[in-house]
Amino acid sequence: MSREANPKIVGAFVLGALALIVVVFVIFGSGRLFQPLDTYVMFYRGNVKGLKVGSSVLVRGVEIGTVSSIRPLFSPGGELLIEVIARTRPNTIEDMSEVGANLSLLETIDHLKERGLRAQLNSLSLVTGMLYVKLDFFPETPSQLVGLNQDHIEIPTIPTSGELLEERLLITLEKLEKMPILEITENLNATITSFRESLSEVKRIADVVSDID
């Protein structure tokens, strides 16, 4: 024989469900959960080991989104690139200046890119080796767009700090290789020999003057 459901228990479950719905809408801001996300694409030429789907996208320490897709692909010229797609909540990248006040999202990002907006991979932890996408302004760097994904707004990338250091070391080594080291050494030896001879001559003259006195 089946037992009748207790009205008090049923009522408690209904109230609990209603409370949960209210909490969801309070947390996600009147349906913000269902708003479309802004998506951006970046192309990296270096090693992205440590970057995962779900890795953070930060603007000076503030998380504005996460990485949603990572895949290697070849450019039409045969260059191997790593495509990284990131998603952010709407209006997380805004230009509040006079110029950017009335611009669309695409126009805003274009304006920020002109001012030096770049994406760089940085280390989240030296222990774990995890990486994150850092968005910041590097106005001294060129804005190089790949243009292989027209479905998302592309943000130019720059090498990591380690890659930049390695590049500078290679440039320095190349300059050293081009220098006529042997010729410079021979000239230096000749200069030292000439200097020693001059010192010997000065000493000889000093001795002669001393003898005269």
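Lys113 and Asp110 sit three residues apart in helix α2, so about one helical turn separates them. Their side chains meet in a salt bridge, 3.4 Å from N to O. An α-helix has 3.6 residues a turn, so residues three or four places apart point the same way. This is a predicted model, so keep that in mind throughout.

Now look at burial in that pair. Lys113 is at 9% relative accessibility and counts as buried. Asp110 is partly exposed, with a relative accessible area of 32%.

Stay with α2, residues 105-114. Which of its residues are buried? Thr108, Ile109, His111, Leu112 and Lys113. Their cover includes strands β1, β5, β6 and β7. After the helix comes Gly116, with a positive phi near 115 degrees.

Let's step back to the whole chain. It has four helices and seven strands. The pattern along the sequence is α-β-β-β-β-α-β-β-β-α-α. There are 213 residues, and 26% of them are buried. The accessible surface is about 15500 Å². Carbon and sulfur atoms hold 60% of that surface. Take the contacts with a separation of 6 or more: 55% of them join residues 24 or more positions apart.

Next, the sheet. It is open, it has seven strands, and the pairing is mixed. The order is β5-β6-β2-β3-β4-β1-β7. Which strands stand at the edges? β5 and β7 do. Each has a single partner strand, so one side of each is left without a neighbour in the sheet.

Inside the sheet, take β3 and β4. β3 covers residues 62-74, and β4 covers residues 80-88. The two run antiparallel, joined by nine bridges. One bridge to pick out is Val67, whose partner in β4 is Ala86.

A salt bridge also links these two strands. Arg71 is in β3 and Glu83 is in β4, 12 residues apart. Their side chains meet at 2.7 Å, N to O. Are the two partners buried or exposed? Arg71, at 42% relative accessibility, is partly exposed. Glu83 is buried, with a relative accessible area of 2%.

How many salt bridges are there by this rule? The count is four. You have heard about Lys113 with Asp110, and Arg71 with Glu83. Here is another: Arg45 with Glu79, where the closest N and O atoms are 2.7 Å apart. Arg45 lies in the loop between β1 and β2, and Glu79 in the loop between β3 and β4, so the pair ties together parts that are 34 residues apart in sequence. Arg45 is partly exposed, at 48% relative accessible area. Glu79 is partly exposed too, at 32%.

Last stop, Ser55. This residue is also in the loop between β1 and β2. Why does Ser55 count as buried? Its relative accessibility is 6%, and the cut-off for buried is under 20%. A polar atom of the Ser55 side chain lies 2.8 Å from the backbone nitrogen of Lys52. What else does Ser55 touch, leaving aside neighbours within four places in sequence? The contacts are Gly50, Gly65, Thr66, Val67 and Leu131. We met Val67 earlier, as the bridge partner of Ala86.

To close, back to the two themes. In the sheet, β3 and β4 are joined by nine bridges, and Arg71 and Glu83 add a salt bridge between side chains. In the helix, Lys113 is buried and Asp110 is partly exposed.

How values were computed. Residues numbered from 1 in each chain as written. Predicted model: local features only at pLDDT ≥ 70, side-chain atom pairs only at ≥ 80, totals over all residues. Heavy atoms only, no water. Buried < 20%, exposed > 50% of the residue type's maximum accessible area, 1.4 Å probe, protein only. Contact = heavy atoms within 4.5 Å. Areas by Shrake-Rupley, 256 points an atom, 1.4 Å probe, with all protein chains shown as cover. Pairing = 2+ DSSP bridges. Polar contact = N/O pair within 3.5 Å; in protein donor to acceptor, adjacent residues only side chain to side chain.
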